[in-house]
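Reader: I should like to learn how the features of a model such as this one are read, one at a time. Please give the general idea where there is one, and then the case at hand.

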Amino acid sequence: MPTTTVNVNTIAGDTTSFNVNAATILSRASDGDTGTTFANNVGNVSLTFGLQDLIDLDGLPAGATLNSIRPVVFAQTGGKGTANFSMEILNSDGEVQGDSSDASSSEAEQAEFLGSEVNISSFTSDQFNGLLLRYTTTDNTLVVASRIFATLDYSGAAGNGLIKHTSGFLKLRQGKITL
């Protein structure tokens, strides 16, 4: 099944407990660069990110069937020991959808962590547009994160039997076209 990236576009939570301000956290979480990071200054803090709406997703064909969504975090340890955190998908009421995913890293370089897939095959576009991604540092550990987003698994839309020709000439010299 094809997938597309769903970037974060809003932020809420205890943004004062990080080494940069809220706007910088959001910028670094969504810029696609694992070299731009942010880190918590105190343990056990949560950030809740809004996700792009369906209409804003590049490469998602009109009429596509939504199958599942999965949170993704790039992170590393910020000191000695491990960096522990969780990630989960929430609905617009703040209720966890699917399973919460715990992750742990002792790496000094950014690594990709995949959360649990959440089945959204029965979601309306409004329900999808209300989804949130919660990122929480746990066990009083220092986590250096760089990228936070979700991947959307979808099925392509069936064709409508039309051919669209936008420029130039189209000439059928012999035979026929059957659609």
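Author: Let us begin with strand pairing in this predicted model. Strand S1 (residues 3-13) and strand S3 (residues 46-51) are antiparallel partners, joined over five bridges.

Reader: Which residue stands opposite leucine 47 in S3?

Author: Leucine 47 in S3 faces glycine 13. S3 also pairs with strand S9 (residues 132-138), in the antiparallel sense and over five bridges. In that pairing, serine 46 stands opposite threonine 136 in S9.

Reader: In what order do the elements run from the N terminus on?

Author: The order is β-α-β-β-β-β-β-β-β-α-β-β, with two helices and 10 strands in the protein. Of the contacts with a separation of 6 or more, 76% join residues 24 or more positions apart.

Reader: How is the buried face of a helix to be recognised?

Author: An α-helix has 3.6 residues a turn, so residues three or four places apart point the same way. In helix H1 (residues 22-30), the buried residues are Ile25, Leu26 and Ala29. They fall within an arc of 95° when seen down the axis of H1, so they line one face of the helix.

Reader: Against which strands do the buried residues of H1 pack?

Author: They pack against S1, strand S2 (38-39), S3 and S10.

Reader: What is found at the start of H1, and what comes just after H1?

Author: At the start of H1, asparagine 21 places a side-chain oxygen within 3.2 Å of the backbone nitrogen of alanine 23. Just after H1, glycine 32 has a positive phi of about 80°.

Reader: How should the sign of phi be read in residues other than glycine?

Author: Most residues other than glycine have a negative phi. Two exceptions deserve attention here. Aspartate 139 has a positive phi, near 55°, and asparagine 140, which is not a glycine either, has a positive phi of about 55°.

Reader: Where does aspartate 139 lie, and is aspartate 139 buried or exposed?

Author: Aspartate 139 belongs to the loop between S9 and strand S10 (143-155). Aspartate 139 is exposed, because its relative accessible area is 57% and the cut-off for exposed is over 50%. Asparagine 140 is found in the loop between S9 and S10 as well, and counts as exposed at 60% relative accessibility.

Reader: Why does threonine 77 count as buried?

Author: Buried means under 20% relative accessible area, and threonine 77 has a relative accessibility of 9%, so it counts as buried. Threonine 77 is found in strand S4 (residues 65-77). The side chain of threonine 77 reaches the backbone oxygen of glycine 79 at 3.1 Å.

Reader: Which residues are in contact with threonine 77, leaving aside its neighbours within four places in sequence?

Author: With those neighbours left aside, threonine 77 is in contact with Thr82, Ala83, Ser105, Ser106, Glu107, Ala108, Leu142 and Val144.

Reader: Where does alanine 108 lie, and which residues does alanine 108 touch?

Author: Alanine 108 lies in the loop between strand S6 (96-105) and strand S7 (111-114). Not counting residues up to four places away in sequence, alanine 108 touches Gln76 and Thr77. Alanine 108 is exposed, at a relative accessible area of 60%. Its C-alpha atom is separated by 9.3 Å from that of valine 144, a residue 36 positions away along the chain.

Reader: What percentage of the residues of the protein count as buried?

Author: Of the 179 residues, 40% count as buried. The protein exposes about 9,900 Å², of which carbon and sulfur atoms supply 46%.

Notes: Residues are numbered from 1 along each chain as its sequence is written. This is a predicted model: local features need pLDDT of at least 70, side-chain atom pairs count only at pLDDT 80 or more; totals for chains, interfaces and linings use all residues. Side-chain values use heavy atoms; hydrogens and water are left out. Helices (H or I, at least four residues) and strands (E, at least two) are DSSP runs, numbered from the N terminus. Buried means under 20% relative accessible area, exposed over 50%, partly exposed in between (1.4 Å probe, protein chains only). Contact means heavy atoms within 4.5 Å. Accessible areas come from the Shrake-Rupley method with a 1.4 Å probe; for residues, only the protein chains shown count as cover. Two strands pair if DSSP finds at least two bridges between them. A polar contact is a pair of N or O atoms within 3.5 Å; within protein, one must be able to donate a hydrogen and the other to accept it, and residues adjacent in sequence count only if both atoms are side-chain atoms. The arc is that of the directions from the helix axis to the C-beta atoms.
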